[in-house]
Amino acid sequence: MTDQDDTQDASAAPTTEDREPAAGPKRLLRSQNDRVIGGVSGGLGRYFDVDPVIFRIAFPVSILAGGLGFFAYLAAWLFVPADDGTGAPMPAQRGAGFIRAVGVIALVLAGLLGFGALVTGAAFVTGIGYGYIVAGAIVLIGVALIATSFRGGARWLIVPALALSIGVGVAAAADLDLEGGVGNREYRPAAASAIPADGYELGVGRLAIDLRDIDWSPERVVDLDARLGVGELAIAVPSDVCVVAEATAGAGELRIAGQRADGLDVELSTATGSPATPQLRLDADVDIGQIRVLNDDAVDINVGHGSFDEHDGPFDEFAAAAQAARDANEAACSR
Amino acid sequence: MSRPGDRVSLVGGIAFLLLGAILCLDQLEVFSLTAGLAAAAICAAAGSALVASGLEPDRPERADE
């Protein structure tokens, strides 16, 4: 082989600039030129011939709906090859997969943490009474988006705006009130007169009110107001006390003397209008969480879920305990 | 040279401006948002940006492509 032949061979070898995409079926590749994190959305946008921002919004949203988007993006980043700028897959490099995996996990976790922190922070600020500041920040982001739209746009601002909106929206919808403090509080008043006139309140945590030490004489009627922002509110009374309750939850579950309701903006009333005594007239509200009223003489208010759902046994046992609690309250309220 | 306008940012900006105003009015107790209304408003804001991007004509290739 002559020097001339070598020159011809070298000149015949394809370069990055003049390589053509391989003929054949369209192939999904991660974009090197249109990427924010791993080029997955850019590649999907090119593959389906749509704007990649659709996938850039859809992936985070799908993470909120069960987390499938997180694993889908991770898998695509790990297993879909990157393009080399010409539409052909980039040659694999030794160790690149591991480094890429570590980088993917770190970046995705950082993104999730950042998004979650914004949502949580916005909800917290709203809960302590300054939600209008966060709402104002969302308005300002909207103004910034409009202003920049005439000079190329700043689409990334949509993500923090969405996170802040979710935080304020959830807190607003649940009427979240975190001004009562944070922690676990347990009250065991020895007499009805020891119950504060404005009731008990807690911002975040567990609020337990055990009323079984009160002298429940046959004519006794006790009024109780209880408010909780986020967490669990547990109230215990003797089984022979008629529980007349008006309970609400912005989002969560209500279990009152064997009756149960859950969901969003949920309400539950028991024994409304009953004149039976002794009686607990309860007005309870939780923004996000659970209210449990245990009409049981022996159950530990601090153990498990207490009362009729503390059993680990089969459903029949659970249902029987709930029925027993309902029967006890019905008997107490029909005297 | 001036950069071209971005319809997604414009639509998203208007949507989040309105959403922020609604949330602001709720926080100032002008009215009270329910969970359903709040969820619908947030989905509408995010959805409008998605629709705008979906209806957007193909963007010109970047200079580095």
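Me: Which pattern of helices and strands does chain A follow along the sequence?

Reply: Walk along the chain and note each element as it comes. In this predicted model, chain A reads α-α-α-α-α-α-β-β-β-β-β-β-α. If you tally them up, that is seven helices and six strands.

Me: How many residues does chain A have, and what share of them is buried?

Reply: Chain A has 335 residues, and 43% of them are buried. You can also look at who touches whom: take the contacts in chain A between residues at least 6 apart in sequence, and 64% of those join residues at least 24 apart.

Me: Can we zoom in on a single residue? Where is A:I288 placed?

Reply: Sure. A:I288 sits in strand β6 of chain A, which covers residues 279-295. With a relative accessible area of 26%, A:I288 is partly exposed, because buried would take a value under 20% and exposed one over 50%.

Me: Which residues is A:I288 in contact with, leaving aside neighbours within four places in sequence?

Reply: That list has A:V170, A:A174, A:L176, A:G229, A:V230, A:G231 and A:A251. For a sense of spacing, try A:D265: from A:I288 it is 23 residues away in sequence, and 9.8 Å away in space, C-alpha to C-alpha.

Me: Next topic, aromatic rings. How many aromatic pairs are there over all chains?

Reply: A pair of rings is described by two things, the distance of the centres and the angle of the planes. Searching the whole structure turns up six aromatic pairs. Take A:Y187 and A:Y200: their ring centres are 4.4 Å apart and the planes make an angle of 35°, so this pair is tilted. An angle under 30 degrees would count as stacked and one over 60 as edge-to-face.

Me: Which strands do A:Y187 and A:Y200 belong to?

Reply: A:Y187 belongs to strand β1 (residues 182-187) and A:Y200 to strand β2 (residues 200-210), both in chain A. The two are 13 residues apart, and their pair links distant parts of the chain. Their surroundings are worth checking too: A:Y200 is buried at 6% relative accessible area, while A:Y187 is partly exposed at 28%. Elsewhere, ring pairs tie A:Y47, A:F48 and A:F55 into a cluster.

Me: What about charges? How many salt bridges does the structure hold over all chains?

Reply: There are 15 over all chains. One of them joins the side chains of A:E186 and A:R188, with N to O at 3.6 Å. A:E186 is partly exposed, with a relative accessible area of 39%, and A:R188 is partly exposed as well, at 44%. Another salt bridge runs between A:D210 and A:R212, whose closest N and O atoms are 2.9 Å apart. Both of those residues are buried.

Me: And are A:E253 and A:R255 buried or exposed?

Reply: A:E253 is buried, at 15% relative accessible area, and A:R255 is buried too, at 9%. They form a salt bridge in which the closest N and O atoms are 2.9 Å apart. Salt bridges can also share partners, and that is how A:E186, A:R188, A:D210, A:R212 and A:D213 are joined into one network.

Me: Now the place where the chains meet. How much area do chain B and chain A bury between them?

Reply: The size of an interface is often given as the accessible area lost when the parts come together. Here chain B and chain A bury about 3,000 Å², with 65% of it on carbon and sulfur atoms. On the chain B side, B:S9, B:F16 and B:Q27 lose the most area to chain A, together 19% of what that side buries. The contact takes 37 residues from chain B and 39 from chain A.

Me: Which residues does B:Q27 touch?

Reply: Leaving aside its neighbours within four places in sequence, B:Q27 is in contact with A:T126, A:G131, A:Y132, A:V168 and A:A172. B:Q27 lies in helix α1 of chain B and is buried, with a relative accessible area of 18%.

Me: Which side chains make the salt bridge that involves B:D6?

Reply: B:D6 meets A:R155, at 2.7 Å from N to O. Between chain B and chain A the salt bridge count is one. For polar contact, the count between these chains is four residue pairs.

Note on methods:
Residues are numbered from 1 along each chain as its sequence is written. Chains are lettered from A and ligands numbered from 1 in the order in which they are written. This is a predicted model: local features need pLDDT of at least 70, side-chain atom pairs count only at pLDDT 80 or more; totals for chains, interfaces and linings use all residues. Side-chain values use heavy atoms; hydrogens and water are left out. Rings of Phe, Tyr and Trp (its six-membered ring) pair if their centres lie within 6.5 Å; planes under 30 degrees apart count as stacked, over 60 as edge-to-face and the rest as tilted. Helices (H or I, at least four residues) and strands (E, at least two) are DSSP runs, numbered from the N terminus. Buried means under 20% relative accessible area, exposed over 50%, partly exposed in between (1.4 Å probe, protein chains only). Contact means heavy atoms within 4.5 Å. Buried area is the accessible area (1.4 Å probe) that two parts lose on being put together, summed over both. A salt bridge is a side-chain nitrogen of Lys or Arg within 4 Å of a carboxyl oxygen of Asp or Glu. A polar contact is a pair of N or O atoms within 3.5 Å; within protein, one must be able to donate a hydrogen and the other to accept it, and residues adjacent in sequence count only if both atoms are side-chain atoms.
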